[in-house]
Amino acid sequence: MVKKSVHEINRKIEDGSVNVVTAEEMVTIVEEFGAEEAAKEVDVVTTGTFGAMCSSGLMLNLGHSEPPIKIQKIWFNNVEAYSGLAAVDAYLGAAQISDTRGIQYGGAHVIEDLLRGKEIDVHATSYGTDCYPRKVLDTIITLEDLNEAILLNPRNAYQKYAAATNSSKRILNTYMGELLPSFGNVTYSGAGVLSPLSNDPNYETIGMGTRIFMGGTQGYVIGNGTQHSPSSGFGTLMLKGNLKEMNPDYLRAASFTGYGATLYMGIGIPIPILNEKLAAATAVRDEDIVTTIQDYAVGSRDKPVIRKINYAELRSGSVQINGKDVPTSSLSSFKNARKIANELKEWVKHGKFFVSMPVERLYAEGFAKPMKETQAVPLVKDVMSSFIVTIKRDQTVQDAAKKIWENSFNHLAVTSDTGELVGILTAWDISKAVAENCFDSVESVMTKKVLTCAPNEPVDLAARRLDRYGVSAMPVIDAQRQVLGIITSDNISKLLARRY
């Protein structure tokens with residue numbers, strides 16, 4: 001039975017005899033020699049990941065102005081930071097968006113701009129006190145002007161991610177990137193075989209105080225990340241690192257279309273091989289890391305699972321959904337993850353980085369809880385009109401006009417002979433047809449690409465869709481496209497009136 005200590009491994013690092021391999025290389029070693037022999041030969045396995053980590057941010061201290069100010073609100077390049085701390089401390093969230101440029105620029109971009117030595121405009125306001133009399137501050141700073149600039153990231157280095165696809169008929173812009181209609185693509189994230197937490201899933205060596213590679217410098221794990229859910233395989237880490245020592249190759253800002261700003265972080269963790277159990281754990285393969293493909297067409301916390309999938313399949317370039325080959329693409333960079341694992345390997349090999357054991361272990365069991373909500377979220381079925389007038393597509397425009405007149409209704413759902421929704425016709429469509437002297441079938445003048453919603457959708461999502469596409473009503477349909485009712489802007493207005 002192999003048993004080593006961190007102290008022994010660090011002595012080897014110091015004298016240059018340490019044997020370091022990446023997690024990719026460890027797979028072959030364990031397959032060829034077995035876990036026990038691998039544990040004897042290998043001292044450290046390095047991991048790496050480089051991906052979007054929205055739950056990141058910068059804790060900074062500006063130093064005191066003259067006269068001094070107790071900052072109440074503060075903006076960096078028009079991106080607001082949290083200042084409810086001491087007088088000149090602030091926390092700038094990576095996902096906070098610009099007041100002037102919207103989602104194209106955010107806290108992540110300010111952080112990268114600082115790291116690249118760019119000047120940052122600062123505007124701050126205060127209510128003023130006897131000891132802090134100043135009420136307005138405008139200045140320009142660089143990273144070197146700050147006393148401290150520490151990245152404090154509440155949730156980084158997810159163990160793995162659920163992959164995303166889209167069953168709807170329209171493009172969806174999400175934090176998983178652009179999802180094409182009708183299962184047009186699958187996006188995923190995570191480093192698979194190189195993922196730090198997938199290589200130590202029992203948190204034997206990764207915990208509070210573990211020294212890590214963070215953004216091109218040494219950082220630390222300071223606890224489990226928020227939404228840490230180890231029992232479901234979705235562990236996370238809370239990290240700390242000095243921005244002044246980081247490298248912009250491993251810290252990049254980005255903005256996802258229709259979603260907003262995020263920060264790409266490079267994280268690497270060395271795992272000391274203390275026993276054969278850890279040797280076996282660090283031989284995890286892409287095939288062993290299983291996740292799910294979820295349907296983002298459903299705007300719910302619990303999205304439908306399309307199928308289970310492993311990282312080898314995701315990285316192959318295409319997967320099967322309903323018998324169809326669907327292209328896959330990664331939102332994280334495996335190339336950079338590999339670069340991080342190799343750079344960390346060189347640091348350890350040349351005595352520039354020593355491994356450490358956590359001062360406190362992270363919990364390896366448990367699930368993240370959903371939000372407690374004290375008010376029920378109204379669903380479409382709760383506010384929709386169940387009375388809706390329908391018409392067959394082969395009926396005439398005159399038939400449609402008569403139905404609208406008789407029912408005092410502005411929208412007609414157009415159905416097939418089997419009752420499936422095939423279009424929608426409005427009073428405006430009929431007026432236009434009459435003005436153009438068009439009295440053909442309903443099918444010739446109806447709108448064929450119809451926005452719809454499901455009865456169990458939250459009303460908020462339906463309202464957003466109505467607003468986004470500038471329409472006043474949507475048919476409510478079931479899975480077979482049978483019409484159940486209609487939701488209108490009037491229905492939503494009445495709901496808001498009752499609520500407020």
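User: If strands are DSSP runs of E with at least two residues, numbered from the N terminus, where does Asn322 lie?
Analyst: In this predicted model, Asn322 lies in the loop that links strand E26 (318-321) to strand E27 (324-330). Its phi is near 55°, a positive value in a residue other than glycine.

User: Is Asn322 buried or exposed?
Analyst: Asn322 counts as exposed, because its relative accessibility is 68% and the cut-off for exposed is over 50%.

User: And what about Asn78, where is that?
Analyst: Asn78 sits in the loop between strands E5 and E6 (79-81), and it also has a positive phi, near 65°. With a relative accessibility of 40%, Asn78 counts as partly exposed.

User: Which peptide bond is cis?
Analyst: The bond from Glu66 to Pro67 is cis, with omega near -5°, and Pro67 is placed in the loop between strand E4 (57-61) and strand E5 (73-76). As background, most peptide bonds are trans, and most residues other than glycine have a negative phi.

User: Switching to the inside: how many residues are in the largest nonpolar core?
Analyst: That core has 48 residues, and Phe76 and Leu243 are the ones with the most contacts inside it. Helix H4 (residues 107-115) gives the most to this core, contributing five residues. Domain 1 (6-51 + 162-361) and domain 2 (63-146) both supply residues, so the core lies between them.

User: What does Leu243 touch?
Analyst: Leaving aside residues up to four places away in sequence, Leu243 touches Leu58, Ile111, Leu114, Leu115, Leu143, Ala149 and Leu251. Another core, of 42 residues, lies apart from this one, and its members include Met26, Ala38, Ile340 and Trp347.

User: OK, towards the C-terminal part: which residues does UniProt list for the CBS domain?
Analyst: The UniProt record, an unreviewed entry, lists residues 384-441 and 446-500 under "domain: CBS". In the model, the span 384-441 is 34% helix and 24% strand, and its end C-alpha atoms lie 28 Å apart.

User: Which residues of helix H11 are buried?
Analyst: In H11 (residues 459-469), the buried residues are Val459, Ala462, Arg465 and Leu466. They cover an arc of only 125° around the axis, which means that they are on the same side of H11. The face turned away from that buried side carries the exposed residues Arg464 and Asp467, and Gly470, just after H11, takes a positive phi of about 65°.

User: And how do E32 and E33 pair?
Analyst: Strand E32 (residues 473-477) and strand E33 (residues 483-488) pair in the antiparallel sense over five bridges, with Thr488 in E33 as the bridge partner of Ala473. The two strands form a hairpin with five residues between them, and Arg481 in the turn has a positive phi of about 65°.

Conventions. Residues numbered from 1 in each chain as written. Predicted model: local features only at pLDDT ≥ 70, side-chain atom pairs only at ≥ 80, totals over all residues. Heavy atoms only, no water. Pairing = 2+ DSSP bridges. Helix = DSSP H or I, 4+ residues; strand = E, 2+ residues; numbered from the N terminus. Core = buried A, V, L, I, M, F, W, Y, C linked by side-chain atoms within 4.5 Å. Buried < 20%, exposed > 50% of the residue type's maximum accessible area, 1.4 Å probe, protein only. Domains from an automatic or database assignment. Contact = heavy atoms within 4.5 Å. UniProt positions renumbered as here; feature names shortened; annotations may be inferred. Arc of directions from axis to C-beta.
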